[in-house]
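Here is a set of questions and answers on one protein model. Each answer works towards the value or name asked for.

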Amino acid sequence: MGTPPPPGNPYEEPRIPWTPPPFGQTAPRLAGRWRRLFAGITDAVLVGLVTSPLTVDDLKVAFNVVLVPVRDGLLVGVIGFLYYWLLQSFWNGQTVGKRLFGMRVVRENGEPAGPGPIAVRQAVEIVLGWLCCLGLVNLAWILFDRRKQALHDKAAGTLVVDA
């Protein structure tokens with residue numbers, strides 16, 4: 001009627017750490033820290049250029065020591081989130097900066113990161129950035145982590161690797 005089931009418990013969790021087959025898939029190389037920095041600066045400049053028309057009036061108001069309208073800041077945050085989320089979800093795990101510097105975001109098992117993990121990654125990055133100094137801790141984390149993961153990468157289960 002068919003082949004017998006493989007030996008072992010079919011409901012057993014996969015073995016960790018995963019080892020690739022002898023002539024199969026190899027693990028991608030982790031992207032360098034400096035390239036990640038420059039790709040991040042490139043992306044921040046691009047988002048800044050797109051959102052600068054929304055913030056010019058806010059800067060004038062801020063220098064006069066008056067409260068800045070929250071709706072503009074929220075709109076800038078949404079535009080930034082959409083930039084990172086849409087590009088990394090649907091453009092091979094890359095933003096413009098990551099593509100220029102030859103990197104992409106993948107899941108920890110090497111598979112492409114879909115919209116869900118990318119949304120978690122960006123949401124955690126935004127929340128940590130809003131919480132005073134935690135944004136700097138998040139970014140500095142890659143300096144000490146053996147897999148070069150920032151905190152938002154750990155939360156989403158992603159890695160930044162060579163493209």
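**Salt bridges, pocket and surface**

Q: How far apart, N to O, are the side chains of lysine 154 and aspartate 145 in their salt bridge?
A: A salt bridge is a side-chain nitrogen of Lys or Arg within 4 Å of a carboxyl oxygen of Asp or Glu. The side chains of lysine 154 and aspartate 145 meet in such a salt bridge, and the N to O distance is 2.8 Å.

Q: On what kind of model do these values rest, and how are residues numbered?
A: Side-chain values use heavy atoms, with hydrogens and water left out, and residues are numbered from 1 along each chain as its sequence is written. Local features need pLDDT of at least 70, side-chain atom pairs count only at pLDDT 80 or more, totals for chains, interfaces and linings use all residues, and the model is predicted.

Q: Is aspartate 145 buried or exposed?
A: Buried means under 20% relative accessible area, exposed over 50%, and partly exposed in between (1.4 Å probe, protein chains only). Lysine 154 has a relative accessible area of 37% and is therefore partly exposed. Aspartate 145 has 11% relative accessibility, so this residue counts as buried.

Q: What is the order of helices and strands along the sequence?
A: Helices (H or I, at least four residues) and strands (E, at least two) are DSSP runs, numbered from the N terminus. The protein has six helices and two strands. Read along the sequence, they give the pattern α-α-α-β-α-α-α-β.

Q: Which residue forms a salt bridge with aspartate 162?
A: The closest N and O atoms of this salt bridge are 2.3 Å apart, and the partner of aspartate 162 is arginine 35. The pair links distant parts of the chain, 127 residues apart: aspartate 162 is in strand β2 (residues 158-162) and arginine 35 in helix α1. Arg29, Asp162 and Arg35 are linked in a network of salt bridges. The partner asked for is arginine 35.

Q: What separates the C-alpha atoms of phenylalanine 101 and arginine 35?
A: Phenylalanine 101 sits in the loop between α3 (96-100) and β1 (103-107). Along the chain, phenylalanine 101 and arginine 35 are 66 residues apart, while their C-alpha atoms are separated by 6.2 Å.

Q: Which helix gives the largest share of the lining of the largest pocket?
A: A pocket is found on a 1 Å grid over the protein atoms alone, as an open set of points where a 1.4 Å probe fits, with protein on both sides within 12 Å along at least five of seven lines; lining residues have an atom within 4 Å of a point. About 1100 Å³ of space lies in the largest pocket, and among its 33 lining residues, the closest to its centre are Gly40, Ala44, Tyr84, Glu125 and Leu139. Helices α1, α2 (70-90), α4 (115-130) and α5 (134-140) each supply at least two lining residues. The largest share, twelve residues, comes from α1.

Q: Is leucine 49 buried or exposed?
A: Leucine 49 lies in helix α1 (residues 33-63). With Trp34, Leu37, Phe38, Ile41 and Val45, Leu49 makes a nonpolar surface patch of about 640 Å². Patch residues have over 30% relative accessible area and no salt bridge; like charges are joined within 9 Å, nonpolar side chains (Val, Leu, Ile, Met, Phe, Trp, Tyr) within 5 Å. The relative accessible area of leucine 49 is 58%, so this residue is exposed.

Terms used
Areas by Shrake-Rupley, 256 points an atom, 1.4 Å probe, with all protein chains shown as cover. Points joined across faces, edges and corners; volume = space filled by probe spheres on them.
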